[in-house]
Every structure is written in C-alpha cells, then in structure tokens.
Amino acid sequence: MDQPTFSWIHPDFNTGDAGECTFCAIAGADGFSYLVLGKDRTVRTLQAWDFSGTGGDSSRILSAIRTILATDTFYTLSYAQRHCAVSTPHTTLVPKRFYRPDVLPSYFQLLLPNGTFHYGATELPAEDILAVFALDYTLYGLITQFFQQATLHHLLAAQMAAYQQVHEQQKAGVFVHVRGYNLQIAVLDRKHLVFSNAFRFDSPGDFLYYVLLAYEQCRLKPDAVPLFLSGNILENGAIYRNLVRYVQSIHFLNWTGTVLPDTAVSLPNKHFFFDLFA
C-alpha cells in the first residue's frame with residue numbers, strides 16, 4: 001500500500017524547479033493523491049495511492065499516509081505553494097443562514113458514532129451553502145503536521161466549482177465522482193446544487209441503485225438528463241455497462257481545469273484525476 005497505484009512524471013521535470021511549482025494534494029481514508037504544477041500550469045508529476053483495500057482500518061491508512069509523506073521524493077521538496085483538500089464521507093450541507101460554527105459537532109450527532117473528530121466547514125462556490133465535515137482527529141493531525149502552511153478545504157468545494165464550469169447553464173445534470181468504493185453524487189440544475197449525497201457501494205448493482213435513486217429523488221428522467229462520471233471508474237467496466245442500460249447520455253469528465261492540456265493529454269484515463277485537476 002506504500003507504493004503508488006498510479007505514477008506519472010513529466011520527462012522534463014527538474015526537481016530543482018520545485019520552488020516555482022505548486023503542490024496540490026487530496027487526503028482521505030479512501031486514498032491519497034497529489035500533482036505538482038509548474039509555474040506555466042503544466043503537470044510536472046502526478047502520484048496516487050488507493051486505500052480501498054484496507055477495509056477502512058484507520059491504523060493502516062494512517063500508517064500508509066505517514067510513510068508516504070515521510071519518504072516520498074516529490075513531497076519532501078520545497079514548493080512555492082501547497083494546497084490540501086480532504087475527502088471524507090462524514091459531510092453534511094448546511095445553508096448559511098442556519099450555520100453556527102460554535103456547534104459543529106451537533107450537525108453529526110445522529111450520523112456519527114462516538115469518537116474524536118476534527119470539525120470544519122468550507123463554503124461552496126456560487127451557493128449559500130457550506131460543506132460541514134468531520135475528519136478523524138488523528139488523520140487531521142497528520143495532515144496539519146505535514147501541510148503546516150497549506151490551505152485546507154473540503155474536496156466538494158473544488159468539485160462544485162469544476163462542475164459549474166463544465167455544465168451547460170440552463171440544463172440539469174447528474175455528476176458522480178468515485179474514490180475507492182465511495183461515490184459522491186451531485187445534481188445541478190441551472191448550475192445550482194439541488195442534491196448531494198455520498199454512499200459506499202460494494203457491487204455494480206449498488207452503484208446503479210444509488211445513481212437511479214438520485215434521478216428519482218430529483219424527479220429527473222435518466223433518458224433525458226445526462227450523467228457525468230469521474231474518478232475510479234472504468235470505461236466499459238461492469239459499472240458502466242449497468243449504467244448504459246438505463247441512462248441514455250453518459251460522459252466521462254476529462255476536463256483538466258486550469259492545467260495546460262498539452263501535458264494532461266498524455267495521461268491515461270484523465271477522468272480518474274478530475275478531483276486533482278479541479
């Protein structure tokens with residue numbers, strides 16, 4: 001688990017230029033990944049680790065992240081900027097008018113078992129909503145130890161900003177992002193968020209059920225409203241073959257954000273790394 005499941009390095013990457021680069025990471029119980037952007041917004045390296053095989057064993061996950069951050073060649077370089085997004089299923093959306101930063105644990109009193117968590121909140125772009133999240137406190141401590149000067153935010157905020165850019169303004173769309181065995185579903189209508197939820201799935205049948213549930217709850221027709229897929233999902237895999245039986249229009253999000261496409265184009269399955277590009 002200490003070895004990356006995906007590793008790509010630009011042939012022209014000179015580690016001596018790291019001081020002019022930006023290090024962007026995503027950390028969570030489902031995996032750890034990062035990319036390094038040059039000052040010209042080209043991808044210099046991209047590395048990813050998948051923790052889905054741990055069965056959620058927090059001690060194994062924490063040990064793996066600690067080992068990665070202590071020994072990874074590219075992490076240990078000095079960068080102009082560092083950013084870190086957290087990925088956690090313990091997330092709830094709260095309208096700004098109801099948000100109270102002094103009682104964050106109360107938002108999870110019916111959702112989480114007793115335990116020690118760090119609570120935080122990130123404002124979603126173009127919405128009067130905050131993503132309030134709970135993160136295992138040991139994992140939070142590890143992230144803050146290794147990213148002391150980094151800007152820490154919830155991954156959903158970056159994803160929402162990206163969804164709003166790639167989707168047509170006047171149409172509804174269903175967006176599904178997969179990390180390990182966790183899927184995040186967001187439904188946008190006229191670029192505004194109308195539904196968001198996260199689920200753990202164990203089979204292609206589970207995956208299909210949750211996607212169709214989102215369509216049903218939002219009163220959308222699978223044969224009329226497009227589905228956008230990103231993350232760890234294979235084209236023509238079992239999950240995809242199930243989906244095409246019910247959803248007429250399916251697109252893989254190969255959007256690379258502000259990253260220059262000339263370097264991203266050589267990456268296989270670019271939709272796998274949509275969250276990093278966001």
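## Strand β3 and its partners

In this predicted model, strands β3 (31–37) and β4 (43–50) run antiparallel and are joined by seven bridges. One pair in this ladder is F32 with W49, its bridge partner in β4. The two strands form a hairpin, with five residues between them.

On the other side of the turn order, strand β2 (residues 22–28) also runs antiparallel to β3, again through seven bridges. T22 stands opposite L37 of β3. The hairpin from β2 to β3 passes through two residues.

β3 is mostly covered, with seven of its seven residues buried. On one face the buried residues are G31, S33, L35 and L37, and on the other they are F32, Y34 and V36.

## Two loop residues with positive phi

R41 lies in the loop between β3 and β4. Its phi is near 70°, a positive value in a residue other than glycine. R41 has a relative accessible area of 33%, so it counts as partly exposed.

K191 is found in the loop between β11 and β12. Phi of K191 is likewise near 70°, and K191 is not a glycine. With a relative accessibility of 27%, K191 is partly exposed.

## The largest nonpolar core

The largest nonpolar core holds 32 residues. Those that touch the most other members are F23, F32, Y34, F51, Y79, I143 and F147. Two or more residues come from each of β2, β3, α1, β5 (81–87), β8 and α2 (137–146). Helix α1 gives the largest share, six residues.

Two of the residues named above for the core, F32 and Y34, sit on one covered face of β3. In soluble globular proteins, nonpolar side chains tend to be buried together.

## The largest pocket

The largest pocket has a volume of about 680 Å³. Its lining is made of 33 residues, and A29, D30, T88, P89 and N182 lie nearest its centre. The elements that each give two or more residues to this lining are the helices α1 (58–71) and α3 (155–166) and the strands β8 (129–136), β10 (172–179), β11 (182–189) and β12 (192–200).

By class, the lining of the largest pocket has 16 nonpolar residues, 13 polar ones and four charged ones.

## The second largest pocket

About 560 Å³ of space lies in the second largest pocket. It is lined by 29 residues, of which D50, G180, G231, N232 and F272 are the closest to its centre. Strands β3, β4 and β10 and helices α5 (238–243) and α7 (274–277) each give two or more residues to this lining.

The lining of the second largest pocket has 15 nonpolar, ten polar and four charged residues. Strand β10 is named for the lining of the largest pocket and for that of the second largest pocket.

## Confidence in the model

The mean pLDDT of the chain is 86, and 92% of its residues reach 70 or more. Confidence is highest in helix α4 (residues 204–217), at a mean of 96. Confidence is lowest in helix α6 (residues 261–264), where the mean is 55. Where pLDDT is low, the predicted coordinates should not be read in detail.

Technical notes: Residues numbered from 1 in each chain as written. Predicted model: local features only at pLDDT ≥ 70, side-chain atom pairs only at ≥ 80, totals over all residues. Heavy atoms only, no water. 1 Å grid on protein atoms, 1.4 Å probe; cavity = no way out; pocket = protein on both sides within 12 Å on 5 of 7 lines; lining within 4 Å. Points joined across faces, edges and corners; volume = space filled by probe spheres on them. Helix = DSSP H or I, 4+ residues; strand = E, 2+ residues; numbered from the N terminus. Nonpolar A, V, L, I, M, F, W, Y, C, P; charged D, E, K, R; others polar. pLDDT = per-residue confidence, 0-100. Buried < 20%, exposed > 50% of the residue type's maximum accessible area, 1.4 Å probe, protein only. Pairing = 2+ DSSP bridges. Core = buried A, V, L, I, M, F, W, Y, C linked by side-chain atoms within 4.5 Å.
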